[in-house]
Amino acid sequence: MARRTKKAKKPLTEQVKRKNRLLVLLILSALVAAALLARVAYIQFVMGEELRKSAYRQQNNGRILSPTRGNIYDRTGNELAVSVAVDNVTVSPVVIKNTSNDPAEIAEKLSQMLGFKVEDILRLLVKDSEFEIIARKIDRVKGDEIRKWIDNDHISGVYVVSDTKRYYPNNELAAHILGFTGADNQGLFGIEAAMESYLKGMPGKVITEVDKNGTELPFAVKTEIKADDGLNLVLTIDRNLQRIAEEVLAKGVEENKAAGGGTAIIADSRTGEILAMASYPSYNLNEPRINPVGYEASEWDGYSEEATDLLSKTRWRNESLSKTYEPGSTFKAVIAAMALEMGVVDLDDIVDDYPVEVQGHTIYCWAKQYPHGEETFREAIYNSCNPVFVKVSQDIGIDRFYEYVDLFGFMDKTGIEIPGEENSLFHSEPMEIDMAVASFGQRFTITPLQLVSAYNALANGGYLMKPYLVKEIIDDEGNIIERFEPEVVRQVISEETSDLIREVLEGVVSEGTGKNAFVPGYRVAGKTGTSETTEEDVYTASFCGFAPADNPLITVLVILDDPRGDSVYGGVIAAPLMGEIVEKSLEYLQVPRKGDEDYYEVQALVPDITGYTMAEAVSALKDSNLEYVIRGDANGEDVAVVYQNPTAGELVSEKSVIYLYKNLPEEKPFVSMPDLRNMTIGEVKNALAGLGLNIRIDGSGICTGQEYSSGTKIEQGTVVEVKFRYLDTVQ
Ligand SMILES: [Zn+2]
């Protein structure tokens, strides 16, 4: 296939050029605002730490008892962020000076236990100050060792203060949702920052009587005000669904060489709960400040202002809500819904995709050479014909058009908990041409989360739900302190319109431009999107939809930013990713498949049959619905299987052929991989079966890729993954 087939550019009149300049100005001022925000963030996050340190110094004379920061769990109770007990080692040089202990001896001992240089410690011990930090967040085991020494050797002026350290057991999982904490356990990003007041708890204090030199008096009365630990959060996300979204997205970005990365969201269509939200590339929450690709570790200071600024704009940014993009044709589902709701058109009305002129611009169907001509509105949605949407939007009228865009939530931030949410950018005084191009999703930008919210409304009977991430706040005994319920913002369209949209968007996947999102046995509904960004030759490929179409449980959006692989089209590269997320998610949610039995491959696990007699092996394979070929020349009833291919534990399609060997062949039977490109599924199946190879089918349509390149020698019985895609309807 031709690489990056470029759409013909339409000539722009002066009027539109001026509009574009305005848009550029708007974007520029947004950038300036973003830079200011980054500066504020720097002062808050980095300098704030310094300010907190000095406060800590003053307070520690009364010895603070740190509260334990609350844990964060997913909706099924899996730990996402926990607090691990650690210790800080502090000293009071003035106290040490007034005791008989020798600072050099103390330094020597601490150096042994902590592994720091003696002279570094000694330098702090002899300072003329009341308080110095020797070590932060050391292992509790080490801390206890030092505690024992202080007690046994009656050391004054050295303190081990218990503290906690944030730990993220799943490393990069849900990084952009969770965010992370600073050195003083304060939330800096994401949910950690948003829910700070619940998570942080209240510090306690030990008040000890001291003499005028600050030395604890013998038999002094200690008063302890216990720390009040933070509360725990239960999020709406599901760790397994989050993992599915992240893995499929990562594969999609890599395979399609998406230079700008990608975004994937899974939401509960009915409630607006976010089940998964992924940006790629991601980062390890336990090491958020390590050097990014392209920066040497030795020359990288992750705490500098420049680094903080860079990371905030790149690796740490939650693209689902902090990055805006042109939605392209995914927006047509919204326009279709408002048109049906207002009754300006019915699904069975005859329309046409002949070019339409608006303010001096001629707008063509993407299939310009072979227009679809007269068709029903339903077919125009399947075919994604731009002129039809332009004409429908003209019938809606500019005021009602933007009123509905607003009702669908596109003019407001969603109000999700995470800080840093961006808002959409529309022309403030739109003209006919602005509405015309907006009807197919161009020349305005929205956030991925805004689109998902609108699709939830399309799917769930018309209700715009406020998306949210925090489900419950619980204490350590699991008692619910606060529960957050689904919130209806407003009903945008009627149940009847929602029914129609569900049905027609399912048709897009079964009949139209969304075929590559088809999942056998699950009813998937959705719309493709391909949009050119303001940068020339840079595209955004996306797919948004929901499933099961007749009773939507999940809404899924996948975006690939600046794909530079074989194709730039949402229908070719984003649709299969959405389909894969839907398939894996519904399987995980134990939604039974219906119909299409002939369509999908039932999977079977290859049993371990080595050591079995031939009769036992054959019976085990039959039980697993697998075929077999026996190789080797040993005879007798008790001849056992010495080798098998595919090996035990591999997941294969039912009826796959397992090769059994009575004795180890001197040379394993290798065959040469054929070139399968452009073959149909049936043709590929025949070609591979003829060679004694098994197949794993990915997608449907025409073969566009194979696991082993042609000419590669592979062993008979090997399972070969083959990719199929529809390339005829791509826009
Ligand atoms: Zn058309």
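Here is a short walk through this predicted model, one selection at a time.

Residue numbers start from 1 along each chain as its sequence is written. As the model is predicted, local features need pLDDT of at least 70 and side-chain atom pairs count only at pLDDT 80 or more, while totals for chains, interfaces and linings use all residues.

**Whole chain.** Show the cartoon: you get 21 helices and 31 strands (DSSP runs numbered from the N terminus, H or I of at least four residues for helices, E of at least two for strands). Of the 731 residues, 42% are buried (20 or more other C-beta atoms within 10 Å of the residue's own, with C-beta atoms placed from the backbone).

**The core.** Now select Val-558 and Ile-581, which touch the most other members of the largest nonpolar core, a set of 137 residues (buried Ala, Val, Leu, Ile, Met, Phe, Trp, Tyr and Cys joined through C-beta atoms within 7 Å). Helix α19 (residues 570–588) supplies the largest share, nine residues. Domain 1 (14–24 + 265–284 + 292–474 + 484–588) and domain 2 (64–235) both contribute, so this core lies between them; the bounds come from an automatic or database domain assignment.

**Strand β20.** Next, pick residues 539–547: nine of the nine are buried. Tyr-539, Ala-541, Phe-543, Gly-545 and Ala-547 point one way, and Thr-540, Ser-542, Cys-544 and Phe-546 the other.

**Its partners.** Add β19 (residues 525–532), which pairs antiparallel with β20 over eight bridges (pairing takes at least two DSSP bridges). Glu-532 sits opposite Tyr-539. In the six-residue hairpin connection, find Asp-537, with a positive phi near 65°. Finally, add β21 (residues 554–561), also antiparallel to β20 over eight bridges; there, Leu-560 is the bridge partner of Ala-541.

Terms used
Buried ≥ 20, exposed ≤ 12 C-beta atoms within 10 Å, placed from the backbone.
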